[in-house]
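Biologist: I have a structure open and want to learn how to read it. Can you take me through it feature by feature?

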Amino acid sequence: MTEIRMKVNGSVESLDVEPWVSLLDALRERLGLTGPKKGCDQGACGACTVLADGMRINSCLALAVQYDGREITTIEGVAHPLQEAFVRHDGFQCGYCTSGQICSAIGMLAEHAAGMPSAVTGSGELSEAEVRERMSGNLCRCGAYNGIVDAIMDVAGKDPR
Amino acid sequence: MSTKYAETEQATAGPKYVGRAVDRLDGRAKTTGEARFAAEHPYPDLAHAALVHATIPRGRITAIDTAEARAVPGVIDVLTHENAPAMKPAPKVSFLDLSTLVSGTSVNYLATDEVHWNGQPVAVVVAETPETARYAASLVRPAYQELPAAVDFAAEEPNAVPQKGSLIAETKADKGDAPAALAAAPYAVDLTFTTPPHSHNAIEPHATTAVWDGDKLTLHEGTQNIPWLRKHLAQRFGVPEKAIRVLSPYVGGGFGGKGSVWAGTLLAVLAARATGRPVRLALTRASVYHTVGGRTPSTQRVALGADADGRLTALIHTSVSRTGRTGGMGEQITAVSRHLYAAPNIHLRQSTVPLDLLANTFMRAPGESIGTFALESAVDELAWELGADPVELRMRNEPERDPVGGQRFAQRMLREAYALGAERFGWRERDPRPGAMRDGRWLVGMGVATAYHPSIRMTASVTLRMAADGTVVVRCGLHEIGVGAATVQAQIAADELGVPLDSVRVEHGDSDLPPGPQAGGSMQTASAAAGVLAACAKLKRTLLGLARRAPDSPLRGRRLEEPEARDGGLYLGGRGQTYAEILAAAGRTHVEAAVKSNTLRFLTRTLRERRKWVKAATGAQFCEVRVDPDTMEVRVSRWLGVFDVGRVINAKTAASQLRGGIVMGIGMALSEQTLIDHRDGRIVNPSLSEYHVPVHADIPRIDVRYLDEPDPTMPLGLIGVGEVGITGAAAAVANAVRHATGKRVLDLPITLDKLL
């Protein structure tokens, strides 16, 4: 067992975890934060996306012990216009990928604003093609992709950055 | 509201909520992480389970060594066929008790040493943590005596036998002499198509949390069929149905994969009983592949004959699909060919071959999704043969009545769908020559195909309760798998009772509620709507009864038909009373109305109706692709679907469901296949990294339009929208690829190796 301390959604949590426990399992099973979802447990679906110090990560591919001293934000700690936009644009159906989509979109917008390039980066404007490319690590089997992109474009358009 | 939605809204002037693009009522819960799914219910003392899967396709377990697994600290028990408590066998399938259809396979897990497919669970490890359970599962060592197994669909196809039909599912049809007409036709195509197995891949893997309290069982489970699941568990575990409570408020996607009872559910309940602990069995993605059936592969022949005017003279459609030796069903692959074209000579046959593989199961539009791929590809090829426009060819053969049965169509606006679609999509700008259209270096192709899915409905029990303040609770065991079930029924109830939407609450997803319809076959919304409408009428009668007896009521002495439900009360002209006033005057704290479903009577009526009407959702799918001329990579660049789905209750959720079907259809067209090792029957890509579902970058803007004409034979005129979206989609892509490249791909998925 290793004792780690993380700031999770603003509050400091200390917990004892075995070194093989993923960050996702630590959040879900030890801290009761079931907002991040387990869809594949191998980094293929993005349902487990959380923000680590503001950067989006697949928490199923992260070991909890690696995140000692870090700041983690799950969907439970998110208060962002994207959430309302997802509802307005019907950016989900079953809701299982939604936490990951929203956390990923927050991280993605920050990445874009910081000038991080993608495979389709052109003018620097956030285009729909950019959003699709940058969000492709988050699967939605219900096929709500149009609504998700609309929600992100809507919020990004209003973003003063 | 964004302009994008305003375009598809097409709201009607009459009802206040029905037809509108209303936001989902569970939107907040699902965007804040509040919505809890089956694996997310904490229990003190919760234990975690993991499965051990057989690694041979067929045989017997000769020994199973669990010592190493048991020695892992934190392991509570390892259950195998040698020590697990026995479950009762799955009941035999009977149409007198439809719940018998819910069993995924007939295998009595951990009560037999027999192995029936590569991946069958042969042991369950229960441990204090999920990590320990998974690790220990890897240490369980079964030894097998292998038996010969038939697992290669292509090799076993010749052994297929005619598929059995039933009262509601015909498996063959003959009209005229199709082979002779085909031989005599001046224009003909005769093509053989193949489609691979598919997996649902709901993003929520199947999970069960099972808690026994004496002989009482509480089950958290994502299911598309609460009542049948409960009944099945009662039979398998020998307890009364009333002793079981199934809680399934949110289901993280189903697509048919959560419509049956599979090994994980049974084994979680078994493990909880054996260990005396609450047990959660959250399947790994690979375990889902190995224990939950998927869509059958198929081989289909479609042969079409036509005269010089493009009138079909012959239509032949035959199919071979597979089942598992221990379960599964033949799909209605050729059913679509009964209904789409006015050919005087039609020959349809379906056959199946049982293999030593996991049973197949329903997956979004079973039959129609792969059947429309073959038929609609062949029709397109015939258009090339004739030099005809594919839209015009379809319109020339649009029947007035059902081509096989002769019944009338309850609803059929394919002509209007194609006319509207062709105009909106810019079909006339299409240069019909293959490879003639370019965008820079990209080859551009445009294709169309018809979407078709039968419209069926079952019954639902519904209870309504109105409180003294006029707020309403609708109680019905609906399944919220992402369709907006609660939202849509709340809209209907609010309109029927004339109350604001936010004063209606829908309780769903709980076996303690009146049983709802299953979420399958695109039937949940219409089935529940009929129940809600009946319950609202009953509630209004009760309320009017109270008002008529009240001495001072302006409604005193009125007949039920007279008053209008609006503004939170019953009114006649300007005179009336609010519900709150009616209840207060009667001294009541609440009123209730209950409607109970009568399945047998309903089924009898449905069968009678089938002789009179053919009922279906239809649509016209328009697809544009860009194909890289060097790599032959195919990208879908534009999509329009125009659908005839009766009256649309919620323009937002209906559009999402139709788009979702199209997205899955694009996956089916270009990337999806479950690969099975033909030597040993093992699924070799049981993961989301190797089974390629469409991602954001694969999906363009999908324009969805409705004709919004009510089907007069359906409650509120609505037709279910869950499945029609996927039908025709793969063919529309294949036809667009044919236009762009000149190449007809007969074998799904259309990967670039097939175009190079």
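Modeller: We will go from the whole chain to the sheet, then to one residue, then to the chain contact. Keep in mind that this is a predicted model.

Biologist: How many helices and strands does chain A have, and what pattern do they follow along the sequence?

Modeller: Start by listing the elements. Chain A has 5 helices and 5 strands. Along the sequence they read β-β-α-β-β-β-α-α-α-α.

Biologist: What does the radius of gyration say about chain A?

Modeller: Set it against the value expected for the chain length. For 161 residues the globule rule gives 15 Å, and chain A has 16 Å, so it is as compact as a globular protein of that length. The C-alpha atoms fill a box of roughly 50 × 30 × 25 Å along the principal axes. Of the residues of chain A, 58% count as buried.

Biologist: In what order do the strands of the sheet lie?

Modeller: Read across the sheet, not along the sequence. The order in chain A is S2-S1-S5-S3-S4, in an open sheet with mixed pairing. S2 (11-17) and S4 (55-58) of chain A each have a single partner strand, so one side of each is left without a neighbour in the sheet. On average, neighbouring strands are turned by 40 degrees against each other, direction ignored.

Biologist: How do S1(A) and S2(A) run, and how many bridges join them?

Modeller: S1 (residues 2-8) and S2 of chain A run antiparallel, joined by 7 bridges. To find one on screen, take A:Met6: its bridge partner in S2(A) is A:Glu13.

Biologist: Which strands does H3(A) touch?

Modeller: H3(A) packs on the sheet and touches S3 (49-52) and S4 of chain A. The direction of H3(A) makes about 40 degrees with that of S3(A).

Biologist: A:Ala105 is in that helix. Is A:Ala105 buried or exposed?

Modeller: Count the C-beta neighbours. A residue is buried at 20 or more within 10 Å. A:Ala105 has 27, so A:Ala105 counts as buried. Beyond four places in sequence, A:Ala105 is in contact with A:Leu82, A:Met135 and A:Ile152. A:Met135 is 30 residues away in sequence, yet the C-alpha atoms of the pair are 7.0 Å apart.

Biologist: How many residues does each chain bring to the contact?

Modeller: Count each side separately. Chain A gives 47 residues and chain B gives 48 residues. On the side of chain A, H5(A) gives the most, with 5 residues. That side divides into 19 nonpolar, 16 polar and 12 charged residues.

Conventions. Residues are numbered from 1 along each chain as its sequence is written. Chains are lettered from A and ligands numbered from 1 in the order in which they are written. This is a predicted model: local features need pLDDT of at least 70, side-chain atom pairs count only at pLDDT 80 or more; totals for chains, interfaces and linings use all residues. Two residues are in contact if their C-beta atoms, placed from the backbone, lie within 7 Å. Helices (H or I, at least four residues) and strands (E, at least two) are DSSP runs, numbered from the N terminus. Ala, Val, Leu, Ile, Met, Phe, Trp, Tyr, Cys and Pro count as nonpolar, Asp, Glu, Lys and Arg as charged, and the others, Gly among them, as polar. Two strands pair if DSSP finds at least two bridges between them. Axes are lines fitted to C-alpha atoms, for helices over the stretch in contact, and angles run from 0 to 180 degrees between N-to-C directions. A residue is buried if 20 or more other C-beta atoms lie within 10 Å of its own, exposed if 12 or fewer, and partly exposed in between; C-beta atoms are placed from the backbone. The radius of gyration is taken over C-alpha atoms; the globule rule is 2.2 Å times the number of residues to the power 0.38.
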